[in-house]
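Q: Could you take me through one part of this model in close detail? I would like to see how a single helix sits among its neighbours, and then how the charged side chains pair up.

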Amino acid sequence: MALDPVTLIVTIALAYLLGSIPFGLVLTQLTGAGDIRKIGSGNIGATNVLRTGRKGLAAATLILDGGKGAVAVGLADYFAGPDAAVIAAGASVLGHLFPVWLRFKGGKGVATTLGVLLAIAWPVGVVACLAWLLVAVTLKYSSLAALVAIGISPIVAWFLADEPRAILALFLAVLVFIRHHENIRRLASGTESRINLKKA
C-alpha cells in the first residue's frame with residue numbers, strides 16, 4: 001500500500017532526525033573523553049570510541065547507534081505500517097551517515113544498518129551479526145567484518161525476507177561500502193589496522 005505524501009514526508013524526516021543523533025560524539029563529550037572526531041580515525045562510531053580506551057562508552061555507542069535505527073523502524077511500522085518501516089530504515093541510516101548537525105559528516109553506518117535489519121527482518125539481521133562476529137574473531141579486521149556482514153545481507157534478505165527488504169538491504173550495503181572506501185583501499189594494500197578483541 002502506497003503512503004500518502006504527508007505520511008511519507010513525516011516518516012522520512014523523523015527517521016532521519018532520529019538516525020542523525022551522533023551518540024558516539026555525545027557520549028564521549030559528556031563523559032570527558034574529548035571530541036571523538038579528533039581521535040583515531042575521526043569517525044563517530046563505536047570502533048573509534050573504543051580507541052579512547054573507554055570500553056563501556058564503545059559498547060554504549062554500539063547499542064545506541066543500532067537502537068536508534070531499530071526504534072525508527074518500530075515507530076514507523078506501528079504508526080504507518082510495513083511500507084513506512086522500510087522507508088524509515090533507509091532514512092535513519094542516511095541520518096547517521098549524513099547528520100545535519102555535523103555538517104553531514106557522520107559515521108559509517110554499520111551499527112545502525114545492523115539495527116534496522118534486526119528490526120525489519122530479524123533473520124537477516126541475525127545472519128549479518130553472526131557474519132560480522134565470525135570475520136572479526138578470525139581475521140581481526142573490524143572494517144572487513146562490516147563489509148562482509150552488510151555485503152551478504154541483500155542475498156540473505158532475498159531468501160529469508162521479501163523483495164522490498166532485499167532492495168533496502170542492497171541500498172544500505174551500497175551506502176556502507178561507499179563510506180568504507182578508504183578502509184577498502186587499506187585492506188587491499190595491507191595497511192588496515194586490526195582490532196584486539198581480547199583487550200576490547
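A: Here is a walk through one helix, followed by the salt bridges. Please keep in mind that this is a predicted model.

Let's begin with helix α6, which spans residues 110–120. This helix is mostly covered, with nine of its eleven residues buried. The buried set starts with Val 110, Ala 111, Thr 112 and Thr 113, carries on through Leu 114, Gly 115, Val 116 and Leu 117, and also takes in Ile 120. What do these buried residues pack against? Their partners are α4 (55–80) and α5 (82–97), along with α7 (122–139), α8 (142–160) and α9 (163–179).

Now for the charged pairs. The model has four salt bridges by the count used here. One of them joins Asp 35 to Arg 37, whose closest N and O atoms are 3.0 Å apart. Asp 35 counts as buried, because its relative accessibility is 17% and the cut-off is under 20%. Arg 37, at 40%, counts as partly exposed.

Another salt bridge links Asp 162 with Arg 165, and here the closest N and O atoms lie 3.1 Å apart. In this pair the aspartate, Asp 162, is partly exposed at 31% relative accessible area, while Arg 165 is buried at 16%.

Arg 186 and Glu 192 form a salt bridge as well, with 2.7 Å between the closest N and O atoms. Arg 186 is partly exposed, with a relative accessible area of 29%, whereas Glu 192 counts as buried at 9% relative accessibility.

Key: Residues are numbered from 1 along each chain as its sequence is written. This is a predicted model: local features need pLDDT of at least 70, side-chain atom pairs count only at pLDDT 80 or more; totals for chains, interfaces and linings use all residues. Side-chain values use heavy atoms; hydrogens and water are left out. Buried means under 20% relative accessible area, exposed over 50%, partly exposed in between (1.4 Å probe, protein chains only). Helices (H or I, at least four residues) and strands (E, at least two) are DSSP runs, numbered from the N terminus. Contact means heavy atoms within 4.5 Å. A salt bridge is a side-chain nitrogen of Lys or Arg within 4 Å of a carboxyl oxygen of Asp or Glu.
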